[in-house]
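Open the model in your viewer and keep the selection tool at hand. We will move from stop to stop, selecting a few residues each time.

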Amino acid sequence: MKLEKIVSLANKNSEVRFLAMVRSLRATGCNLPVWVIPYDNNKFDLPENCIWWEMPEVIAYLDAAGSHKMMRKYQCLLTTNYQYVDSDVVFVRDPEKALLNANGFVTSCGHWLHPEHTYVAYTLELFKEKSTLWEKNVFNAGQYACDVQLFDFEGLKAIIESKPEIKEICLNARTYDQVALNLLIFLSGIEVNNLTLPPFRMESTWAGNYTDDNFERFWKDEDKKPYIIHWAGCNFDIARPIDRLFMDLLTTQEQQVLEAQLKEKNKTSVHSIRRSLSKLKRMIKRS
Ligand SMILES: [Mn+2]
């Protein structure tokens with residue numbers, strides 16, 4: 001495909017991670033514009049050649065339904081020739097070159113090995129009905145590329161509202177955007193090409209697969225070297241050597257901001273676990 005832009009989703013809270021992602025992109029020699037979907041109104045000053053990208057009709061539609069802000073990624077389905085990346089991604093090769101021989105809807109994640117978080121009961125039935133090898137078509141919603149426009153806004157709305165089950169998955173605030181995007185791509189009918197499978201056979205793009213100091217030994221063959229590394233589900237504060245690829249892109253002050261954010265996040269999740277536990281205890285006492 002002929003890549004024309006990088007798309008991401010960010011707000012002030014993810015600014016530091018976003019900056020690392022953009023710096024890594026520029027370091028590969030790629031000067032494509034970065035279109036940034038605002039996660040909410042909490043914006044920040046973007047670096048050079050980055051623009052805020054809002055499709056008012058999409059945002060108004062999702063907001064009216066009370067959808068999760070992550071669903072704003074649906075804007076990607078209405079455009080062409082893009083690579084979408086979350087802000088917990090760094091580029092390690094020029095995406096324009098890496099995607100030159102890939103067409104259609106392209107992923108490079110390992111969810112075909114671990115498809116668990118890509119479906120719910122309803123969508124799994126649909127996937128299984130279509131193919132005995134449905135696992136090769138699921139993907140991570142934090143890293144994908146596509147050269148064709150899959151829907152126009154009216155078409156997207158029509159497919160979301162075609163069945164109550166589909167509407168519930170695509171618009172419900174509690175649904176994980178990954179399940180909804182996997183469903184919408186499935187319903188679009190486009191084939192999913194995963195670069196870690198033949199004929200490409202790229203090495204893993206997930207940071208969690210690289211556990212020791214010598215992680216670059218897997219990348220001797222330039223064609224098989226992943227072009228992005230995604231931290232999906234891994235925390236940056238775990239002292240994995242591969243975290244250097246991310247941290248080295250930040251100033252000491254920015255690293256401190258990120259570390260403080262991670263501490264806060266861990267604290268909140270410990271708090272919410274404690275809250276659920278005490279609620280459970282109260283329920284058991286009462287019964
Ligand atoms: Mn991510």
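Which residues of strand β4 (residues 82-85) point one way, and which the other way? Select the strand and show its side chains. Tyr 82 and Tyr 84 point one way. Gln 83 and Val 85 point the other way. All four are buried. Remember as you look that this is a predicted model.

**Stop 1: the neighbours of β4**

Add strand β1 (residues 5-10) to the selection. β1 and β4 pair in the parallel sense, over three bridges. Pick out Lys 5: its bridge partner in β4 is Tyr 82. Now go to Val 7, which stands opposite Tyr 84 in β4.

Next, select strand β7 (residues 143-146). Here the pairing with β4 is antiparallel, over four bridges. Find Tyr 84 again. Its bridge partner in β7 is Tyr 144.

**Stop 2: the whole sheet**

Now show every strand of this sheet. In what order do the seven strands run? The order is β3-β2-β1-β4-β7-β6-β8, in an open sheet with mixed pairing. Colour β3 (50-52) and β8 (192-194). These are the edge strands, and each pairs on one side only. Look along the sheet for its twist: the average is 25° from one strand to the next.

**Stop 3: helix α1**

Keep the sheet visible and add helix α1, residues 15-27. What does α1 touch as it packs on the sheet? It touches β1, β2 (34-38), β3 and β4. The direction of α1 makes about 165° with that of β1.

Try the distance tool on the helix ends. The 13 residues of α1 reach 18 Å from first C-alpha to last, close to the 18 Å expected at 1.5 Å a residue.

Now show the side chains of α1. Its buried residues include Val 16, Phe 18, Leu 19, Val 22 and Leu 25. Arg 17 and Ser 24 are buried as well. A general point helps when you look down a helix: with 3.6 residues a turn, residues three or four places apart point the same way. Step past the end of α1 to Gly 29, where phi is positive, near 95°.

**Stop 4: helices α6 and α7**

Select helix α6 (residues 164-171) and helix α7 (residues 177-188). Their axes are 8 Å apart and meet at an angle of about 130°. That angle makes α6 oblique to α7.

Which residues meet here? From α6 come Ile 166, Ile 169 and Cys 170. From α7 come Val 179, Ala 180, Leu 183 and Leu 184. The contact has seven nonpolar residues, no polar and no charged.

Stay with α7 alone. Its end C-alpha atoms are 16 Å apart, which agrees with the 16 Å that twelve residues should span at 1.5 Å a residue. Among its buried residues are Gln 178, Leu 181, Asn 182 and Ile 185. What covers the buried residues of α7? The cover includes β6 (105-107), α4 (121-130), α6 and β8. Just after α7, select Gly 189: its phi is positive, about 85°.

**Stop 5: the loop between the helices**

Go to Asn 172, in the loop between α6 and α7. Why does Asn 172 count as partly exposed? It has 15 C-beta neighbours inside 10 Å, while a buried residue needs 20 or more and an exposed one 12 or fewer.

For a last look, add Glu 259. Asn 172 and Glu 259 are 87 residues apart in sequence. In space, their C-alpha atoms are 31 Å apart.

Technical notes: Residues are numbered from 1 along each chain as its sequence is written. This is a predicted model: local features need pLDDT of at least 70, side-chain atom pairs count only at pLDDT 80 or more; totals for chains, interfaces and linings use all residues. Helices (H or I, at least four residues) and strands (E, at least two) are DSSP runs, numbered from the N terminus. Two strands pair if DSSP finds at least two bridges between them. Axes are lines fitted to C-alpha atoms, for helices over the stretch in contact, and angles run from 0 to 180 degrees between N-to-C directions. Angles under 35 degrees count as roughly parallel, over 145 as roughly antiparallel, 65 to 115 as roughly perpendicular and the rest as oblique. Two residues are in contact if their C-beta atoms, placed from the backbone, lie within 7 Å. Ala, Val, Leu, Ile, Met, Phe, Trp, Tyr, Cys and Pro count as nonpolar, Asp, Glu, Lys and Arg as charged, and the others, Gly among them, as polar. The expected span of a helix is 1.5 Å times one less than its number of residues.
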